[in-house]
Amino acid sequence: MPSTALAGIRVLDLSRILAAPLATQLLADLGAEVIKVERPGTGDDSRTYGPPFAPGTDTAAFYLSCNRNKRSVTVNHATAEGQEVIRALAARSDVLVENFRTGTLAKYGLDQESLRELNPRLVYLSVTGFGQTGPYAERPGYDGIFQAMSGMMSVSGHPDEPMKVGVSMVDILTGLYAATAVLAALRHRDATGEGQFIDLSLLDCGLASLSHFAMNYLVSGEVPARRGNGGYGGIPSQAFQCADKPLFLVAGNDKQFAAFCAAADRTDLLQDPRFATTPARIAHREEILPVLEAVMRTRTRDEWLAVLDEHDVPAGPFNEMPEVFADPQIRHREMLVEVEDAVSGRLPLLANPIRLGATPVEGYTPPPALGEHTTEVLSEIAGLTEDHIRGLRGRGVV
C-alpha cells in the first residue's frame with residue numbers, strides 16, 4: 001500500500017500566481033510528485049508579491065501560500081532547447097498543469113495536442129480566465145474581475161454597495177475544481193489508458209460557486225438582494241452586535257429558534273404568530289430583526305457564547321488572525337504547522353485540512369527556492385548529464 005494517496009503520480013506544473021498553483025499544491029500534499037517549472041532569473045510572478053516576505057529572503061508570503069511540497073526547476077520555454085526539456089519532462093509525467101493565456105503554449109509546440117501526441121496518457125489541465133472558447137477567450141483576467149462578472153459581488157456586501165470577498169475566492173475555488181478535475185481524469189486514464197484535456201475557466205468556476213443563490217434566481221426570477229452579514233436561510237442567521245463585540249448567530253429552524261428564545265429568556269417571541277415558524281419569521285424579517293438586535297445588546301459576546309452553547313444554538317465569534325490561530329479547536333486540529341527552511345529557519349504554514357484515515361497527509365517541505373532542484377530533476381527525469389545541464393545554464397535555457 002502506498003503511504004500517500006497519490007504516490008507514483010508525477011505532475012509537471014507550468015503555472016503561476018494562485019489558482020493553478022493551489023491545485024498542484026493540493027495534489028502535492030496528497031502525495032503527488034510536483035515539479036514546478038519557472039522562468040530563469042525571475043520565476044513565478046508571485047515570488048515578488050510582497051511585502052510581507054519570508055524572514056531573510058525576498059520571497060513573498062503569497063508565493064509561500066501555494067507552493068509547498070514541490071521541486072523547482074528553471075526552464076526558458078521560449079527557446080528551442082527549453083521546449084525540448086519540457087517535452088522530455090512531459091513525456092515522463094502523468095499530469096501537466098498550465099495557466100498561460102489561451103493559445104500561448106501552442107506557439108512553442110507545448111499545447112495539449114502536441115504533448116498528448118508525445119504522451120497519450122498525459123492529463124493536460126489548462127486554467128484560464130475565460131476558457132478556451134467564446135468571445136472572451138483571449139482576454140486576461142484576475143480574481144476581482146471574476147468576482148464582479150460572475151455575480152459573486154452582486155450578492156455580497158451591503159444593499160448600497162457590492163463588495164468583493166476579502167480573499168481571492170474565485171482563484172481558491174478554481175484551484176479546488178482543478179484538483180478535482182485532475183483526479184477524475186486520472187481515474188479515467190487508469191481505466192482506459194488515455195489521458196485527456198481539461199479546459200477550466202475562472203469565470204465558470206466563479207459562477208458555479210453561486211450555487212443556491214443562482215438556483216434561487218433561476219427558479220424564481222427574483223434577483224437576490226445584498227444583506228451584508230445577513231443570510232438567506234431562516235431567521236436569525238447573521239451577525240449581531242453584543243454589548244461589547246459582535247458574533248455570528250444561526251438559529252434558522254424552529255427547534256434552534258426555540259432554543260435561542262430559551263437562552264435569551266424571550267420565550268414570549270414564540271407566542272407571536274409573526275415569529276412562531278420559520279416561514280413566518282422570513283416573511284416578517286424586517287419586524288423581528290430589530291427585536292433580536294436589541295436582545296443581543298443586553299449581554300457581552302462571551303456571555304452570549306456561553307449561554308448559547310449551553311442551549312446548543314450555533315454561534316461563533318468574529319476572530320481576527322491572532323484569535324484564529326490561538327483558538328483551541330484550530331490548535332487541536334493542528335491547522336498550523338512549521339517546517340525547517342534553509343534561509344528563514346522555522347517557517348509557519350497552513351496545514352492541509354483533508355484528514356485521510358489510510359493515507360494521511362504527512363510531512364511538508366518548504367516552498368522551493370527558484371531553480372533549487374534544476375540539476376536534480378533534469379538528471380533524474382529528463383536524463384540529462386551534468387555537463388549538458390551546465391551548458392544549458394550557460395546559454396540561459398535553465
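Here are some worked exercises on a predicted model of a protein chain.

## Exercise 1: The overall picture

Find how many helices and strands the protein chain has, and what share of its residues is buried.

**Solution.**
- Step 1. Start with the secondary structure: the protein chain has 16 helices and 13 strands.
- Step 2. Next, look at burial. The chain has 398 residues, and 44% of them count as buried.
- Step 3. Now take the dimensions. The C-alpha trace spans about 85 × 50 × 40 Å along its principal axes.
- Step 4. Finish with the contacts. Among those with a separation of 6 or more, 66% link residues that are 24 or more positions apart.

## Exercise 2: Reading a six-stranded sheet

Work out the strand order of the open sheet of six strands, and explain why β3 and β8 each have a side without a neighbour.

**Solution.**
- Step 1. Read across the sheet: the order is β3-β2-β1-β4-β5-β8, and the pairing is parallel.
- Step 2. Go to the edges, where you find β3 (70-74) and β8 (197-201). Each has a single partner strand, so one side of each has no neighbour in the sheet.
- Step 3. Consider the twist, which averages 20° from one strand to the next.
- Step 4. Zoom in on one pair. Strand β1 (residues 10-14) and strand β4 (residues 95-98) run parallel and are joined by four bridges. Within this pair, Asp-13 has Val-97 in β4 as its bridge partner.

## Exercise 3: Helices across the sheet

Determine which strands helix α1 and helix α3 lie across, and whether the residues of α1 are buried or exposed.

**Solution.**
- Step 1. Helix α1 (residues 19-29) lies across β1, β2 (33-38), β3, β4 and β5 (123-128), at about 160° to β1.
- Step 2. Helix α3 (residues 80-91) lies across β1, β2 and β4, and runs at about 150° to β1.
- Step 3. Check the burial of α1: 11 of its 11 residues are buried. Among them are Leu-22, Leu-26 and Leu-27, but also Thr-24, Gln-25 and Asp-29.
- Step 4. See what comes after the helix. Gly-31 follows α1 and has a positive phi, near 115°.

## Exercise 4: Inside the cores

Identify the residues with the most contacts inside the largest nonpolar core, then list what Leu-125 touches away from its sequence neighbours.

**Solution.**
- Step 1. The largest nonpolar core has 42 residues, and Val-11, Val-95 and Leu-125 have the most contacts inside it.
- Step 2. Ask which element gives the largest share of this core: helix α6 (residues 169-192) does, with six residues.
- Step 3. Turn to a second, separate core. This one has 27 residues, including Val-85, Leu-96, Leu-122 and Ala-382.
- Step 4. Now follow Leu-125, setting aside neighbours within four places in sequence. Leu-125 is in contact with Leu-96, Val-97, Glu-98, Ala-178, Val-182, Ile-198 and Leu-200.

## Exercise 5: One helix, two partners

Describe how helix α9 packs against α11 and α12, giving the angle and the axis distance for each pair.

**Solution.**
- Step 1. Recall what is needed: two packed helices are described by the angle between their axes and the distance between the axes.
- Step 2. Helix α9 (residues 254-264) packs with helix α11 (residues 285-296) at an angle of about 40°, and their axes are 11 Å apart. That makes α9 oblique to α11, and their crossing is left-handed.
- Step 3. For α9 and helix α12 (residues 301-310), the axes come within 9 Å and cross at roughly 130°. These two helices are therefore oblique to each other as well, with a right-handed crossing.
- Step 4. Find the residues that meet. Phe-257, Phe-260 and Ala-264 in α9 meet Ile-288, Leu-292, Val-295 and Met-296 in α11. Towards α12, the α9 residues Phe-260, Ala-263 and Ala-264 meet Trp-304, Val-307 and Leu-308.

## Exercise 6: Classifying a leucine

Decide whether Leu-218 is buried or exposed.

**Solution.**
- Step 1. Locate Leu-218 in helix α8 (residues 211-220).
- Step 2. Apply the cut-off: exposed means over 50% relative accessible area. Leu-218 has 62% relative accessibility, so it counts as exposed.
- Step 3. Compare sequence with space. Leu-218 and Ile-235 are 17 residues apart in sequence, and their C-alpha atoms are 23 Å apart.

Definitions and conventions
Residues are numbered from 1 along each chain as its sequence is written. This is a predicted model: local features need pLDDT of at least 70, side-chain atom pairs count only at pLDDT 80 or more; totals for chains, interfaces and linings use all residues. Side-chain values use heavy atoms; hydrogens and water are left out. A nonpolar core is a set of buried Ala, Val, Leu, Ile, Met, Phe, Trp, Tyr and Cys residues joined through side-chain atoms within 4.5 Å. Buried means under 20% relative accessible area, exposed over 50%, partly exposed in between (1.4 Å probe, protein chains only). Contact means heavy atoms within 4.5 Å. Two strands pair if DSSP finds at least two bridges between them. Axes are lines fitted to C-alpha atoms, for helices over the stretch in contact, and angles run from 0 to 180 degrees between N-to-C directions. Angles under 35 degrees count as roughly parallel, over 145 as roughly antiparallel, 65 to 115 as roughly perpendicular and the rest as oblique. A crossing is left-handed if the near helix is turned anticlockwise from the far one by less than a right angle, and right-handed if clockwise.
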